[in-house]
2 protein chains.
Amino acid sequence: MATQASATSSRAGSQLKTPKGTRDWVGQDLLLRDRIFQTISDILKRHGGIPLDTPVFELRDILSEKYGEDSRLIYNLENQGGELCSLRYDLTVPFARWLAMHSNVKQVRRYHIAKVYRRDQPAIARGRLREFYQCDFDIAGVYDPMIPDAEILRIIVEVFQAFKLDVTIKLNHRKILDGLFETCGVPQEKLRLISSSVDKLDKLPWAEVKKEMVEEKGLSEIVADEVGKYVLQKGAMREMINVLKADEKLHANATVKGGIEDMELLVSYLEALDVDRIVSLDLSLARGLDYYSGLIYEVIPQIKDTQVGSIAAGGRYDGLVGMYGKQPIPCVGISFGVDRIFTLLDTQRKKGTSDISHETEVYIMAFGGKEFDGLLLERMRVARQLWDVGIQTEFAAKVKPKPQQQFNASDSALLAVILGQEELEAGQTTSVTAVYEMIGE
Amino acid sequence: MATQASATSSRAGSQLKTPKGTRDWVGQDLLLRDRIFQTISDILKRHGGIPLDTPVFELRDILSEKYGEDSRLIYNLENQGGELCSLRYDLTVPFARWLAMHSNVKQVRRYHIAKVYRRDQPAIARGRLREFYQCDFDIAGVYDPMIPDAEILRIIVEVFQAFKLDVTIKLNHRKILDGLFETCGVPQEKLRLISSSVDKLDKLPWAEVKKEMVEEKGLSEIVADEVGKYVLQKGAMREMINVLKADEKLHANATVKGGIEDMELLVSYLEALDVDRIVSLDLSLARGLDYYSGLIYEVIPQIKDTQVGSIAAGGRYDGLVGMYGKQPIPCVGISFGVDRIFTLLDTQRKKGTSDISHETEVYIMAFGGKEFDGLLLERMRVARQLWDVGIQTEFAAKVKPKPQQQFNASDSALLAVILGQEELEAGQTTSVTAVYEMIGE
């Protein structure tokens with residue numbers, strides 16, 4: 001029931017369903033989701049994270065020119081008079097807006113777990129919806145190079161270890177990528193366009209990506225082939241750094257050189273933090289968003305036959321806060337794709353029998369002979385005392401409940417309290433304290 | 001900082017702020033808010049509640065014709081192709097939609113804590129925003145009359161006792177109200193219109209409400225005066241029930257009679273549940289929403305000089321689920337105005353010094369003599385071991401941090417781990433287990 005994304009049921013005039021690409025969360029699904037939230041936020045707190053919550057919509061201006069080609073996926077609110085607003089597309093831009101508004105905050109580590117909105121084609125099996133949760137952690141402030149970046153990668157390892165999911169972290173650096181494009185002869189104004197084509201190499205073969213570059217984006221075939229020589233390379237960090245350094249043409253480019261220096265620093269930190277083993281430097285990783293300026297990364301689950309793609313991604317975005325006309329604050333962050341993690345963990349767990357079941361601590365029943373009046377007020381008085389001391393308590397909402405009904409309902413309870421009419425009339429009652437002790441609280 | 005609803009800061013071209021009537025949540029504010037959520041949901045679980053989460057927007061059809069005059073306050077999403085959607089206005093209609101979609105669910109007690117959206121005039125001091133949290137609990141299913149209703153009122157008492165807030169519950173019954181209007185001669189087609197005028201009696205004097213009824217809504221002055229005789233009455237339940245029963249004209253109306261029978265049953269239950277003392281039967285309470293069909297109630301804080309109005313409200317809505325063309329399921333529920341409760345508790349608490357402060361368990365420092373290289377990799381290795389055992393750990397993200405900087409940063413930490421270059425070189429190190437024991441985990 002609960003895993004259907006948009007269950008439908010017709011009625012006169014309109015459909016009874018959730019909007020396309022959205023879903024309800026209930027029962028076991030919701031409990032698993034909340035456990036994922038709890039696990040991640042515990043780890044983020046361990047790294048000094050403080051929570052932030054922002055409105056679900058932002059002024060439209062705040063979102064504009066931040067997402068490149070993906071801007072078309074932004075949900076707008078209707079113009080009903082007043083300000084023009086749009087639903088948030090991610091949690092990064094609202095965080096940058098908050099930082100720009102609070103110029104007294106020079107350094108902060110914030111986390112944010114909330115829904116974001118994208119008018120994308122939904123694909124339920126892959127955990128891709130139009131309304132979905134993200135869980136972001138970002139470190140803002142001026143620090144020595146690559147130290148916060150290394151801690152973010154360490155956090156990724158801790159999170160997926162906690163979920164017992166094997167992952168690979170794909171890593172690249174915008175400086176290496178941009179410098180590489182320059183070296184190959186990609187015109188400056190086509191950098192982001194070609195970058196976004198290259199990013200599709202995890203889903204499409206090189207021939208198709210090349211075709212897009214040449215036919216749709218007007219890159220010369222010679223330049224495209226030159227780009228292809230580089231972006232198909234990947235491997236362990238130290239190994240790839242050596243390959244890049246050995247390429248004289250590349251290394252002569254100042255931008256690439258800066259990127260390689262960052263990577264050398266980073267790999268030493270990742271070794272100290274025991275993270276390097278699962279990292280792959282992948283020159284095809286580009287990330288669609290415009291605002292990244294340094295290190296970029298994606299986390300790929302190492303599970304056979306899964307349709308789920310990257311389950312966490314992020315990077316460094318030193319220029320974003322400055323785009324709001326304030327002093328720039330360098331930032332680096334990670335966004336966990338909670339719904340995709342859910343999809344992976346959900347296929348692993350065995351489904352429970354009932355999706356909306358819950359456990360009861362105490363169920364109060366009443367029985368009696370011919371003159372039995374249901375003892376409703378008496379059941380209420382007992383319930384009230386148990387609620388008073390914090391015990392989860394239920395009783396049948398019937399004046400005269402049938403015995404069988406009550407037995408069925410009490411099945412999931414830890415303890416049943418039975419009120420017998422004769423016993424009550426004879427003054428034989430058990431104190432609430434005794435019940436309290438019996439359920440072992 | 002965090003309590004400003006829409007802090008502004010100009011920049012070239014557009015404003016740097018959250019949209020009108022929305023706010024960010026951070027630091028102490030967010031912690032207090034989450035404590036409110038936790039307190040309420042603990043009580044709701046104690047009463048058998050299971051959580052449900054629904055999308056932030058619904059198909060527009062689902063929301064239409066549910067809110068009467070208030071429909072104009074609904075936020076619509078722009079038509080960008082595809083389905084027409086609107087932001088949810090409350091959590092009740094999405095629950096009814098969910099129930100209608102799942103006809104196998106015959107009985108459920110669900111709670112839902114989430115943001116809702118109303119294009120209302122914001123009033124920050126009174127805790128009224130355009131994006132605000134609601135916390136809803138509803139009992140759906142066929143039961144004997146007034147038993148679930150009484151339990152909802154009991155839950156109200158438990159929640160506000162937990163917050164140590166004195167409250168009054170204002171109570172009325174749609175059947176009594178509608179029958180009373182009929183008896184006075186209000187035409188059938190004006191029932192809801194006149195009802196919504198009467199509902200304003202908590203803010204406006206009778207003279208103005210009467211004026212609205214007569215001049216704006218076309219009620220004859222004689223009928224208006226007749227209505228006035230009744231709706232200004234309120235008092236303890238048993239007392240008011242006797243007043244209503246003594247009025248022969250009223251009691252002759254079958255609808256009123258049904259309402260009074262419900263109230264007699266309810267008062268006996270409220271006595272058993274120890275709730276009756278704070279309840280006032282108030283004939284002016286009408287509630288704006290169209291979907292209520294039985295008991296209605298509002299919770300008013302008993303605090304001097306507060307501008308905050310009702311902090312929880314709800315009622316019985318037996319017809320709503322049936323509006324979706326499915327078998328009707330009777331429902332009764334309560335919605336807690338979490339932001340208003342926040343406003344009340346926030347004025348009570350003393351503000352902390354820093355809004356984004358957090359506690360650190362361990363802070364790792366390093367010192368050395370002339371040859372000091374900062375020991376960054378060593379600090380990382382120690383941090384990694386502490387993170388591995390779940391200890392919250394931080395260190396300066398600097399290659400060579402200054403001693404003073406590190407001392408300042410370690411001020412809020414429970415324990416500082418100091419790495420001395422000479423000691424390390426001499427092999428004198430403390431094990432992580434020792435640190436673990438020192439912070440007493």
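**Entry 1.** I began with one residue pair in chain B. A313(B) stands opposite S335(B), which lies in strand 12 of chain B. I kept in mind that this is a predicted model.

**Entry 2.** Next I looked up the strands around that pair. Strand 11 of chain B covers residues 312-316, and strand 12 of chain B covers residues 331-337. Five bridges join strand 11 to strand 12. The two run antiparallel.

**Entry 3.** I then traced the sheet that holds strands 11 and 12 of chain B. It is an open sheet of 10 strands with mixed pairing. I read the order as 3(A)-2(B)-5(B)-6(B)-12(B)-11(B)-10(B)-7(B)-9(B)-8(B). Which strands form the edges? I found strand 3 (25-26) of chain A and strand 8 (234-235) of chain B, and each pairs on one side only.

**Entry 4.** I moved to another sheet in chain B. Three strands form this open sheet, in the order 14-13-15. Their pairing is parallel. Strand 14 (393-395) and strand 15 (413-420) of chain B are the edge strands, each paired on one side only. From one strand to the next, I noted a twist that averages 25 degrees.

**Entry 5.** I checked what packs on this sheet. Helix 13 of chain B, residues 376-388, does so. Helix 13 touches strand 13, strand 14 and strand 15 of chain B. Its direction makes about 170 degrees with that of strand 14 of chain B.

**Entry 6.** Last, I looked at how strand 13 of chain B, residues 360-367, meets strand 14 of chain B. How many bridges join them? I found three, and the strands run parallel. For Y363(B), the bridge partner in strand 14 of chain B is E394(B).

Methods:
Residues numbered from 1 in each chain as written. Chains lettered and ligands numbered in written order. Predicted model: local features only at pLDDT ≥ 70, side-chain atom pairs only at ≥ 80, totals over all residues. Heavy atoms only, no water. Pairing = 2+ DSSP bridges. Helix = DSSP H or I, 4+ residues; strand = E, 2+ residues; numbered from the N terminus. Axes fitted to C-alpha atoms, helices over the stretch in contact; angles between N-to-C directions. Contact = heavy atoms within 4.5 Å.
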